[in-house]
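This report describes how the secondary structure elements of one chain are arranged. The sequence and structure are shown first.

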Amino acid sequence: MPNQTVTLTVNGTSRSAAVEPRTLLVHLLRDHLDLTGTHIGCDTSQCGACTVLLDGKAVKSCAVLAVQAEGCKVTTIEGLADGATLHPLQQAFWEKHGLQCGFCTPGIIMMAAEFLQTTPRPSEAEIRHALDGNFCRCTGYQNIVAAIQSAAVALAK
């Protein structure tokens, strides 16, 4: 099949790319738009490393075709900060040591961004449940949970 042009708003900017119809959103972001903060961990939607916001909802971009995102708003980890000012989640992960190798961090932060929109004052149990679809092979999740709790407090101000 011939390439299709996909136009979407990525991190507030209209972007277009010609892609094969089978191209996954994660590959559009990384390979066509040079946004490499979205990681590829498993290609089976199990690990969550590729999580982005699609029209405000956390999705695993390895499970979405780029053509399905036509006309949508996509936010990646690169789009969370406000210039040089980190998003409260990014700041909390830094301050609470919520990462080790950092590979899973962008996906977890993007999941947490949507989660805190819908659950602004989460309990530890709610945070741990929300993390269910995101794997971290380095940490015991304790500092990740602490970072999300800290961000929730900062966002509530």
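The sections below take the sheet, the helices that pack on it, the helix pairs and two loop residues in turn.

## The sheet

The model is predicted. It contains an open sheet of 5 strands with mixed pairing, in the order β2-β1-β5-β3-β4. The edges are formed by β2 and β4 (57–60), each of which pairs on one side only. On average, and with direction ignored, neighbouring strands of this sheet are turned by 40 degrees against each other.

Strands of a sheet pair through backbone hydrogen bonds, and the pairing is either parallel or antiparallel. In this sheet, the 2 bridges between β1 and β5 belong to a parallel pair. The pair β1 and β2 is antiparallel, with 7 bridges, and β3 and β4 also run antiparallel, joined by 4 bridges.

## Strand pairs and hairpins

Within the pair of β1 and β2, Val6 stands opposite Ala17 of β2. These two strands form a hairpin with 2 residues between them, where Asn11 has a positive phi near 55 degrees. On the parallel side of β1, Thr9 stands opposite Lys73 in β5.

The hairpin of β3 and β4 has 2 residues between the strands, and Asp55 in its turn takes a positive phi of about 50 degrees. Two facing pairs can be named here: Val52 stands opposite Val59 in β4, and Leu53 has Ala58 of β4 as its bridge partner.

## Helix α1 on the sheet

Which residues of helix α1 are buried? Within the helix, which spans residues 25–32, they are Leu25, Val26, Leu28 and Leu29. These residues lie on the same side of α1 because they cover an arc of only 165 degrees around the axis. Their cover includes β1 (4–10), β2 (13–19), β3 (51–54) and β5 (73–75).

The helix α1 packs on the sheet and touches β1, β2, β3 and β5. The direction of α1 makes about 100 degrees with that of β2. Just after α1, Asp34 has a positive phi of about 55 degrees.

## Helix α3: sheet and helix contacts

Helix α3 (residues 105–118) also packs on the sheet. The strands that α3 touches are β3, β4 and β5, and its direction makes about 35 degrees with that of β3.

Besides the sheet, α3 meets helix α5 (residues 142–156). Two packed helices are described by the angle between their axes and the distance between the axes. For α3 and α5, the axes come within 11 Å and cross at roughly 40 degrees; the two helices are therefore oblique to each other. The crossing of α3 past α5 is right-handed. On the α3 side the contact is made by Ile108, Ala112 and Leu116, and on the α5 side by Ile144, Ile148, Ala151, Ala152 and Leu155.

## Helix α2 against α5

What angle do the axes of α2 and α5 make where they cross? The crossing is at roughly 135 degrees, and the axes come within 8 Å. With this angle, α2 is oblique to α5. As for handedness, α2 passes α5 in a right-handed crossing.

The residues of α2 in this contact are Pro88, Leu89, Ala92 and Phe93. They meet Ile144, Ala147, Ile148, Ser150, Ala151, Ala154 and Leu155 of α5. Among the α5 residues named in this contact are Ile144, Ile148, Ala151 and Leu155, and these four are also among those that take part in the contact with α3.

## Two loop residues

Is Thr76, in the loop between β5 and α2 (88–95), buried or exposed? Thr76 counts as buried, because its relative accessibility is 0%, and the cut-off for buried is under 20%. Apart from neighbours within four places in sequence, its contacts are Val10, Asn11, Leu29, Leu35, Thr38, Val52 and Met110. One of these contacts, Leu29, is a buried residue of α1, and another, Asn11, is the positive-phi residue in the hairpin of β1 and β2.

Gly140 lies in the loop between α4 (124–130) and α5. With a relative accessible area of 62%, Gly140 is exposed. In sequence, Gly140 and Gly98 are 42 residues apart, and their C-alpha atoms are 9.9 Å apart in space.

Definitions and conventions
Residues are numbered from 1 along each chain as its sequence is written. This is a predicted model: local features need pLDDT of at least 70, side-chain atom pairs count only at pLDDT 80 or more; totals for chains, interfaces and linings use all residues. Side-chain values use heavy atoms; hydrogens and water are left out. Buried means under 20% relative accessible area, exposed over 50%, partly exposed in between (1.4 Å probe, protein chains only). The arc is that of the directions from the helix axis to the C-beta atoms. Contact means heavy atoms within 4.5 Å. Two strands pair if DSSP finds at least two bridges between them. Axes are lines fitted to C-alpha atoms, for helices over the stretch in contact, and angles run from 0 to 180 degrees between N-to-C directions. Angles under 35 degrees count as roughly parallel, over 145 as roughly antiparallel, 65 to 115 as roughly perpendicular and the rest as oblique. A crossing is left-handed if the near helix is turned anticlockwise from the far one by less than a right angle, and right-handed if clockwise.
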